[in-house]
Amino acid sequence: MIRVTVFLFLLIVGSTAGEIAMTLGMKATGEPERLRPVELLRFLRKALCNGWFWAGIPLMALSFYALLLLLSWKPISFVIPASALSYVVGTFGAKYILGEQVSIARWTGVVLVCVGVALVALG
Amino acid sequence: MATEGRLRAKTLVMVCLMVLCANVGDLMLKRGMLEIGAVQLSAGALAHAFRMTITNGTLWLGILFLWGFMVSYMTVLSWADYSYVMPAGAFGYALLSFLAVLFLHEAVSPRRWIGVALICVGVLLVGQTKPRTTEAAREALA
């Protein structure tokens, strides 16, 4: 039980921290002018030169391996509902680290999605 | 107003691409890990599991789809809020339930339907908010 709790923590914190670092990197990169292959490749090349992007990669890799290990120990109907908490943790991160304006409507939506994902995965 | 509409439309396209790639990728990962079996937490077993994961074709196919997810995710995050994109991406869970009923004729429990309804309402609520609210985004819009 302890190892599942530890790896669940690594999954949630790793993915949230990694995605927040990734968001910082993408915002610094700036959006592609058009969604065409050449422009997207240019955008990806620019993103690959960003430090925040590379800070996010090991954190996301950590959460990816935590997910793989959890899936090998527990059914998906346990792993996904438990990891749904990352929607709430991620929204806190978006508000306090990224400075996004999270309205009541968005908070309500996030909580509904979190509970909904847990219910769907429980089957 | 036209800029706002264009922003919503391209965000929707990228979120749909994200959902498709993430769902197919996750299914492939689960299938790949089932082929490998339960991983034990010892140095030898972890090294063996690592070798198995990098030589498993299904896992690589899953990784290819997750790469597609990653590119669309990175692209949409360059203009949209993280707190907008993240819950919107959860629509995939609801979509999977609809697909399971439509194409696999699976029986879906009332609890799961309630979950699907909550996700749909949640995504609709998040979808009604502005896709981007940060300072840099407002400057770019101006």
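Select Gly30(A) to begin: this glycine follows helix α1(A) and has a positive phi, near 90 degrees. Keep in mind as you click around that the model is predicted.

**Back along α1(A)**

Now colour the helix that comes before that glycine. α1(A) has 28 residues, and from its first C-alpha to its last it reaches 40 Å, close to the expected 40 Å at 1.5 Å a residue.

**Chain A as a whole**

Zoom out and show all of chain A. You should find six helices and zero strands, so to speak a plain α-α-α-α-α-α when read along the sequence. The C-alpha atoms of this chain fill a box of roughly 45 × 35 × 25 Å along the principal axes. Of its 123 residues, 45% count as buried. Look at contacts between residues at least 6 apart in sequence, and 76% of those in chain A join residues at least 24 apart.

**Stop at α3(A)**

Next, pick α3(A). This helix has 23 residues and spans 34 Å from first C-alpha to last, close to the 33 Å expected at 1.5 Å a residue. Which of its residues are buried? Select Phe53(A), Gly56(A), Leu59(A), Ser63(A), Ala66(A), Leu67(A), Leu68(A), Leu69(A), Leu70(A) and Leu71(A) to see them.

**A loop residue worth a click**

Move on to Val102(A), which sits in the loop between α5 and α6 of chain A. Is this valine buried or exposed? Val102(A) counts as buried because 21 other C-beta atoms lie within 10 Å, and the cut-off for buried is 20 or more. Show its surroundings, leaving aside neighbours within four places in sequence: Val102(A) is in contact with Thr91(A), Ala94(A), Lys95(A), Trp107(A) and, over in chain B, Ser83(B). Try a distance label on one of those pairs: Val102(A) and Thr91(A) are eleven residues apart along the chain, with their C-alpha atoms separated by 7.8 Å.

**Where the chains meet**

Ser83(B) is your bridge to the other chain, so to the contact between the two. How many residues does each chain bring to the contact? Chain A puts in 47 residues and chain B 38 residues. On the chain A side, highlight α1 (2-29), α2 (37-48), α3 (51-73), α5 (86-96) and α6 (104-122), the elements that each give two or more residues. α6(A) gives the most, with 13 residues. Colour that side by class and you get 27 nonpolar, 13 polar and seven charged residues. For the model overall, the scores are ipTM 0.88 and pTM 0.79.

**The nonpolar cores**

Hide the surface and look inside. The largest nonpolar core has 51 residues, and the ones with the most contacts inside it are Val113(A), Val117(A), Met18(B), Val76(B), Leu77(B), Val85(B) and Ile119(B). α6(A) gives the most to this core too, with nine residues. A second, separate core has 17 residues, including Phe7(A), Leu11(A), Leu69(A) and Leu71(A).

Go back to the bigger core and centre on Val76(B). Beyond its neighbours within four places in sequence, this valine is in contact with Thr11(B), Met14(B), Val15(B), Met18(B) and Val85(B).

**Over to chain B**

Show chain B by itself. Its secondary structure comes to seven helices and zero strands, running α-α-α-α-α-α-α along the sequence. The C-alpha atoms fill a box of roughly 55 × 40 × 25 Å along the principal axes. The radius of gyration of chain B is 19 Å, whereas a compact globule of 142 residues would have one near 14 Å. Of those 142 residues, 37% count as buried. Colour by confidence if you like: chain B averages a pLDDT of 84, and 92% of the residues score at least 70.

**Last stop: α6(B)**

Finish on α6(B), which has 19 residues and reaches 27 Å from first C-alpha to last, close to the 27 Å expected at 1.5 Å a residue. Its buried residues are Arg112(B), Gly115(B), Val116(B), Leu118(B), Ile119(B), Gly122(B), Val123(B), Leu125(B) and Val126(B). Now click Pro110(B), found in this helix, residues 110-128. Pro110(B) is exposed, as 8 other C-beta atoms lie within 10 Å. For a final distance, join Pro110(B) to Leu59(B): they are 51 residues apart in sequence and 32 Å apart in space, C-alpha to C-alpha.

Key. Residues are numbered from 1 along each chain as its sequence is written. Chains are lettered from A and ligands numbered from 1 in the order in which they are written. This is a predicted model: local features need pLDDT of at least 70, side-chain atom pairs count only at pLDDT 80 or more; totals for chains, interfaces and linings use all residues. Two residues are in contact if their C-beta atoms, placed from the backbone, lie within 7 Å. Helices (H or I, at least four residues) and strands (E, at least two) are DSSP runs, numbered from the N terminus. Ala, Val, Leu, Ile, Met, Phe, Trp, Tyr, Cys and Pro count as nonpolar, Asp, Glu, Lys and Arg as charged, and the others, Gly among them, as polar. A nonpolar core is a set of buried Ala, Val, Leu, Ile, Met, Phe, Trp, Tyr and Cys residues joined through C-beta atoms within 7 Å. A residue is buried if 20 or more other C-beta atoms lie within 10 Å of its own, exposed if 12 or fewer, and partly exposed in between; C-beta atoms are placed from the backbone. pLDDT is the predictor's confidence in each residue, from 0 to 100. The radius of gyration is taken over C-alpha atoms; the globule rule is 2.2 Å times the number of residues to the power 0.38. The expected span of a helix is 1.5 Å times one less than its number of residues.
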